[in-house]
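Thanks for making the time this morning. I would like to walk you through one structure, and I will ask you to keep the view open while I talk.

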Amino acid sequence: MPAHPRTDAGALPDNEHIAHVFEEIADLLELEDANPFRIRAYRNAARSVRGAEAQLTAQIRAGKPLPKLPGIGADLTEKIRTISLTGRCPLLELLHGEVPAGQIELLQLPHIGPRRVHQLHRELGVDSLAALQEALRSGRLAHLHGFGPRLLDQLDKALRIRSARERRHLQIDAKAQAEALLNFIHGLEGVEQVRVAGSLRRRRDTVGDLDFVVCTQGNTQQLMNALLAYPLVAEVMASGATRSSLRLGSGMQVDVRIVGRESFGSALLYLTGSKAHSIALRRRARTLGCKLNEYGVFRGAEQLAGETEEGTYQALGLPWIAPELREDNGEIAAAEGNLLPVLIETADLCGDLHCHTRAGYGRNSLREMALAAQRLGWEYLAITDHSQRLSIGHGLDAGRLARQLDEIDRLNDELDSLTLLKGCEVDILPDGKLDLHDSILARLDIVVGAVNSNLQLSAKQQTRRILRAMDSAYFTILAHPSGRLLLEREACALDMHAVIRHARQRGCFLELNAQPQRLDLDEYHCRLAKDEGVLLSISSDAHRLVDFALLDFGIGQARRGWLERADVLNTRSLTQLRELLRRSR
Ligand code: DGT
Ligand code: CA
Ligand code: CA
């Protein structure tokens, strides 16, 4: 599944996008008590567009006539044309102006359609998320007809995820904003050094706020004033000569500390955290008869360290500890015993085992993907477009996959240093069967099995489903194992430990999907897989050339999971990889 259904600037509206617009129109019309026939027309149109064989926007932009679609007359054709050419739909914008904003927000919750929004309004006067939350908490919601315990539970979960989203940010979004501000601070007069600290430096999957440490030997107040003039600052919440808190226009909060050279390392250590790691370090300092704070390590009045992080750790009798490990999960003991892992780096990767081309949901051709991978210096790239089930016009059936395999053979003859591997992202059906026949799977080097539907099964059913899929002789890698979408969808109920153990028995592998919205496996299960001796594939799940760069996020997560080069499948040479894949059969 594409992890990012977000619309990026410049992307063409695809059929899914158009269908979604029509569905939203139908929902809003229903909220307005519009004519039922009109509402139904938009619902039918959505279904029709979704089922279309061709991409409508591409047809229109190529000047071709639209194919005949059931239920799409002149008026809807005109709307499709407008959406395709401008990305906008005036009717939808009009409706957005008419329907109360709170009701639109309610509509975006899962399991809440127009009828329930009406009911909430009519019977409880609820027409905003806040009012719904209140009704849920006070127990009033439970009295409403049709709002059983299961639905209440689901709503509670959805509301909690929403409020988490308001507070936290994807690492990729935090990183972009941090880099822009970092550049700005770099350019200010008197700045000797500036570093990002906090959870972003520890490369956590989501980030609450940004933390910066700035080093100057000059006047701190002057520097702070210059810093607060950053054009994207929306609000200064607190400000002093050496520390400030501000909010950017995006809503992101930023904490800034300015320190002198003698304390830069200790301030960086302190603000990088985590809090638990800092507390453990301070305890250690005390047992050594010293004191650790953001200014340095002190014995009495004497400063032993503080200028650098290395020096600060050293004064505590420890080697430098990578930020990704600083969670008080055994890293201090490991450091003490000189047993810190040598963490994996992006340069250790020899290839990527999960990506998509234009034949599936991707944007680029097979050849373009291959050449980009070759330029990255990789030895191999596995092409893994979706299998038929996700299709609705897109997934590969056996025939189209077979043609792609022939194309891979031809390209492999042409390519110098890169080898394309034959793969497929195959749906794991609800009963645990794979979505393609063994006769075609047998022709593949890699079968990336994925749960892309029925994510709500019970833990027992979901676990059984996945173990069964792994039992296929052709199964090689379990894609995005938990199914979570950060800030959007929680992980499936699943006995991950059982999945990991089964992978070891079967000799197959789990994926660490590097899409910033997935980062799935999480760090905890990465470490568990390592301990159980199951290799992970750090995969980009690229849908376009630039997505290969997303592997960095996967590497960050892998490092948080203590992974070393040897723990990762795609650090192996092609020969070693082929041997491991052969053994998994
Ligand atoms: P976040 O922003 O929620 O993603 O997570 P962090 O880890 O960036 O947390 P944040 O921004 O509250 O604080 C940044 C670092 O500053 C934190 O990792 C440790 C340090 N810090 C903040 N408040 C305290 C505190 O009350 N005590 C201690 N020891 N350290 C703190
Ligand atoms: Ca922070
Ligand atoms: Ca902070």
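Let me start with the open sheet, which in this predicted model has 3 strands in the order E8-E9-E10, paired in the antiparallel sense. At its edges are strand E8, covering 291-293, and strand E10, covering 302-305, each of which pairs on one side only. If you look at how the strands are set against one another, neighbouring strands of this sheet are turned by 35 degrees on average, with direction ignored. As a reminder, strands of a sheet pair through backbone hydrogen bonds, either parallel or antiparallel. Here, strand E9, residues 296-299, is joined to E10 in the antiparallel sense over 3 bridges, and if you want a place to put your cursor, Val 297 stands opposite Ala 305 in E10.

Next, please move to helix H14, which runs over residues 275-287, 13 residues in total. From its first C-alpha to its last it reaches 19 Å, close to the 18 Å that would be expected at 1.5 Å a residue. Which residues of H14 are buried? They are His 277, Ser 278, Ala 280, Leu 281, Arg 284 and Ala 285. Seen down the axis of H14, these buried residues fall within an arc of 160 degrees, and therefore they line one face of the helix. The general background is that an α-helix has 3.6 residues a turn, so residues three or four places apart point the same way. On the other side of H14, Lys 275, Arg 286 and Thr 287 are exposed.

Finally, the calcium sites, which I would like to take together. The calcium ion that is ligand 2 is coordinated by Asp 209, through O and OD, and by Asp 211, through OD, at 2.2 to 2.6 Å. The angles among its 6 donor atoms run from 70 to 169 degrees, and the site is irregular. For comparison, ideal angles at a metal are 90 or 180 degrees for six octahedral donors.

The calcium ion that is ligand 3 has as its protein donors Asp 209, listed twice with OD, together with Asp 211 (OD) and Asp 255 (OD), at 2.3 to 2.6 Å. Along the chain, the donors of ligand 3 follow the spacing D-x1-D-x43-D. How far apart are the two calcium ions, ligand 2 and ligand 3? They are 3.7 Å apart, and Asp 209 coordinates both. As for Asp 211, this residue is buried, because its relative accessible area is 8%, and the cut-off for that word is under 20%.

Methods:
Residues are numbered from 1 along each chain as its sequence is written. Chains are lettered from A and ligands numbered from 1 in the order in which they are written. This is a predicted model: local features need pLDDT of at least 70, side-chain atom pairs count only at pLDDT 80 or more; totals for chains, interfaces and linings use all residues. Side-chain values use heavy atoms; hydrogens and water are left out. Two strands pair if DSSP finds at least two bridges between them. Helices (H or I, at least four residues) and strands (E, at least two) are DSSP runs, numbered from the N terminus. Axes are lines fitted to C-alpha atoms, for helices over the stretch in contact, and angles run from 0 to 180 degrees between N-to-C directions. Donors are N, O and S atoms within 2.8 Å of the metal (3.2 Å for Na, K and Ca); water is not among the atoms, so sites may look incomplete. Four donors count as tetrahedral if all angles lie between 85 and 135 degrees; four count as square planar and six as octahedral if opposite donors are over 155 degrees apart and all others between 65 and 115; anything else is irregular. Buried means under 20% relative accessible area, exposed over 50%, partly exposed in between (1.4 Å probe, protein chains only). The expected span of a helix is 1.5 Å times one less than its number of residues. The arc is that of the directions from the helix axis to the C-beta atoms.
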